[in-house]
Amino acid sequence: MERIVYRELRSTPKVWGFMALCAAFVGAAGIEVYYVEKYGSIVTGLNNQIVWGVPHVFAIFLIIAASGALNVSSIGSVFGKMAYKPVARLANLLAISLLMGGLAVLVLDLGRPDRLIMAMYTYNFTSIFAWNILLYSGFMGVVAVYLYTLMARGVDPRALKAASLLAFVWRLALTTGTGSIFGWLVARTAYDSAIMAPMFIAMSFSFGMAMFMLVMILTTSLTRRVYSPELRTRQARLLGVFVAAVLYFVIVHHLSNIYLAKKTAYESWILLNGGIYTWLFWGGQILIGSILPMILLFHPRIDTKKGYVLLAALLVVIGGFAQLYVIIVGGQAFPLDIFPGFEVSSSFSDGVINEYTPSLGEFFLGLGGIALALMIAGLGMKFLRIVPDNLSDDNVDPAALAD
Amino acid sequence: MNKLLTSLLVMAALLVSPSYAQGLFPDIPKALGEPHPEGNEFWRINHPALLAHDRDLTVIEGIRDIDASLKSCVACHAVTGPASDPLPVTAESPEFSCRVCHEYVAVKISCFDCHASTPEEADFALVLPSYGGTPASLRAYLERISQ
Amino acid sequence: MIIPSEKPNGAEISRRDILKSGAALATVTLAPGVTLMAFGGTAKAAGDDGLKPNARWGLLIDAAKCPEDCSACVSACSTEQGWENNGLDTDPQWIRKVTLREKETGRTNSLPVMCQHCEKPPCVDVCPTGASFKREDGIVLVNRHTCIGCRYCMMACPFKARSFVAEPVTGQRTSTPRGKGTVESCNLCVHKIDRGDGTTACVEACTATGNNAMMFGDLNDPESDIAKAVSTYASVELRADLGLNLGVRYQNI
């Protein structure tokens with residue numbers, strides 16, 4: 001087994017082409033932001049009933065995936081699985097860049113992003129949102145330190161262990177915070193549940209692993225480096241387990257809601273007659289996002305089926321977007337139950353399912369966030385020694401191979 | 001030697017360049033009411049801090065008997081429009097009194113994104129004592145200066 | 001108004017003086033906020049600020065006296081506060097008339113719904129910048145200077161009381177600044193209360209129509225009409241199960 005060699009990416013036309021494509025998407029997002037800042041959110045699909053839309057779906061997906069991407073390096077450093085250690089640097093870089101992309105979308109979606117710095121010194125510490133801002137910024141610092149311990153020479157192994165443990169605990173806090181943004185809202189039937197936090201943790205494992213594998217496949221194919229089939233197989237199996245975990249939490253969440261009489265109306269709407277939301281739940285989240293990937297990932301010969309792995313990771317990501325759309329937008333679409341036992345109507349959309357038609361610009365903003373994350377990751381890989389050059393099966397720990 | 005001389009001349013020119021703007025100094029519109037007792041220089045320097053401080057007192061603590069609310073600033077510093085439309089100009093117009101200075105110093109203000117930039121009838125009461133104490137006398141003054 | 005002192009010879013204020021006074025101003029500016037946050041906005045000594053000491057402003061609405069076809073309260077608020085709702089789902093609505101139909105019995109009713117000025121407002125808890133805050137006299141407001149437009153308070157409000165300003169605004173009322181990118185809701189006509197009008201625009205309008213369905217007053221003042229009414233006749237809070245202790249109470253829903 002050779003020592004793993006990390007090498008910067010070479011500037012091939014393929015790499016440049018990909019970065020140019022990302023830059024185009026980032027530019028499109030910039031145009032959308034300028035347009036919204038000038039004319040107000042009236043030019044988007046947002047209204048007084050659905051206040052968090054497509055940009056938030058993208059932003060929260062990226063933030064959850066960032067926390068899960070870090071998990072890949074935590075498996076190596078905290079849980080001692082040798083096979084994951086060669087990709088720890090890439091996982092850390094990806095965690096930072098995905099978080100940056102997600103935060104960029106979140107901040108640019110604000111009504112007054114120019115006020116963000118000014119608002120920093122009127123902090124409200126009872127707000128989980130405010131805590132999240134601290135957790136997100138701290139996460140970038142902690143992961144940067146962790147990356148340093150991975151990359152620098154002569155670092156005490158205990159320092160690496162401490163940094164990796166801190167990063168792991170920090171990301172659990174961060175993801176719990178993100179889930180609690182929804183879980184601690186008593187107002188809405190769809191949220192208002194302690195299970196949102198652990199469900200988001202499970203989602204972070206799943207989406208993070210899927211995004212990592214997609215980026216790994218993309219990078220190794222653009223640069224003609226090797227993605228060890230053994231590592232890929234292990235990650236595929238693990239992704240299957242994570243997808244199952246998410247499905248478990250979703251089942252528990254909905255079963256519990258069905259049992260609670262005051263939540264049955266919401267459940268019957270979202271599961272049976274919620275239109276787009278029902279389609280996205282059953283078709284997007286369950287079929288595409290959970291069942292199909294599990295079938296692919298638990299295939300007995302998955303080690304030979306590179307295409308299955310790529311497809312499964314893509315399906316998990318698509319299913320993840322569907323799941324977040326159902327949670328974030330579907331949760332707002334269902335009317336507030338201000339007068340239990342009454343049918344309600346008013347001039348402010350009381351008692352009716354709230355409508356939302358996302359504008360194209362909102363999708364551009366969200367895609368721009370993904371593109372920004374990939375650009376930052378790409379720049380990191382280009383200038384730093386992040387991506388292993390010789391990650392073939394022979395160079396995965398032989399003791400682990402014997403398992 | 002030439003290089004040194006040239007760079008010294010360029011630096012000197014840059015240092016005195018603000019004085020070239022003397023000719024561009026804005027024509028600050030005269031306000032309606034009594035001048036501030038503290039003097040224009042004081043207000044020119046301190047109005048950001050005072051505005052920010054007073055707004056926190058008003059919004060968060062409900063203290064409104066501070067010596068000047070933004071309404072009275074807007075009423076007193078109202079600039080009448082052209083003869084065709086003599087109503088006070090809004091912040092959209094470059095003649096608006098805050099914009100005249102702020103565009104000169106290139107400091108963007110967003111106060112009037114939210115705050116009304118023209119006074120309502122009731123606000124002129126805050127400026128009235130200087131003009132005989134009635135809306136009619138104020139209106140007469142405004143008509144006179146718009147001619 | 002607190003004015004930093006000028007030098008005795010009338011010269012311009014020096015930069016040092018500005019810094020000193022700026023530090024003092026900054027402390028005075030931040031201290032109330034910190035105090036409010038640290039002590040949860042408990043009542044201060046009388047005369048410390050412009051508010052009536054130990055007041056809790058609230059509304060009492062009798063749904064039985066509210067006709068379905070009357071929206072005087074909505075029009076009055078709209079005029080007083082300078083907002084307009086033309087039916088678009090992006091238009092603001094600080095107060096709205098809601099028509100109810102009881103599912104089991106078919107009985108219909110109507111009443112106005114606005115910000116309920118909770119004692120434990122979820123919107124205040126979740127606002128990351130503290131822009132959504134509760135004044136000591138119980139009025140829940142948005143400090144638009146600090147609002148960054150994240151809309152989390154709109155997600156958190158159980159009564160859908162808040163609106164987001166989606167377009168640039170012109171022609172505001174001078175007492176009610178409103179601008180694009182901030183969140184707004186019923187502020188219990190705080191400008192009218194602070195200048196001593198003793199009522200809100202919606203209550204004034206309702207009284208003027210003769211329906212007298214709405215009453216405004218200080219819930220903490222045992223001599224006020226509203227305190228006497230709620231201690232004599234049954235009244236309920238909306239979503240009482242949430243335990244937020246609202247400032248707006250309803251009768252005969």
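**View 1. Nonpolar cores of the predicted model.** L62(A), A69(A) and L239(A) touch the most other members of the largest nonpolar core, which has 202 residues. A nonpolar core is a set of buried Ala, Val, Leu, Ile, Met, Phe, Trp, Tyr and Cys residues joined through C-beta atoms within 7 Å; buried means that 20 or more other C-beta atoms, placed from the backbone, lie within 10 Å of the residue's own. Another core, of 11 residues, lies apart from it and includes A75(B), V79(B), V89(B) and F96(B). This is a predicted model: local features need pLDDT of at least 70, side-chain atom pairs count only at pLDDT 80 or more, and totals for chains, interfaces and linings use all residues. Residues are numbered from 1 along each chain as its sequence is written, with chains lettered from A and ligands numbered from 1 in the order in which they are written.

**View 2. Surroundings of L239(A).** Leaving aside neighbours within four places in sequence, L239(A) is in contact (C-beta atoms, placed from the backbone, within 7 Å) with S206(A), M209(A), A210(A), M213(A), L297(A), A312(A), A313(A) and V316(A).

**View 3. Packing of helix 3 and helix 5 of chain A.** Helix 3 (residues 88-108) and helix 5 (residues 128-151) of chain A, both DSSP runs (H or I, at least four residues) numbered from the N terminus, pack at an angle of about 160°, with their axes 9 Å apart. Axes are lines fitted to C-alpha atoms over the stretch in contact, and angles run from 0 to 180 degrees between N-to-C directions. Helix 3 of chain A is therefore roughly antiparallel to helix 5 of chain A (angles over 145 degrees). Residues of helix 3 of chain A in this contact include R89(A) and N92(A), and those of helix 5 of chain A include Y136(A) and F139(A).

Key:
A residue is buried if 20 or more other C-beta atoms lie within 10 Å of its own, exposed if 12 or fewer, and partly exposed in between; C-beta atoms are placed from the backbone. Two residues are in contact if their C-beta atoms, placed from the backbone, lie within 7 Å. Helices (H or I, at least four residues) and strands (E, at least two) are DSSP runs, numbered from the N terminus. Angles under 35 degrees count as roughly parallel, over 145 as roughly antiparallel, 65 to 115 as roughly perpendicular and the rest as oblique.
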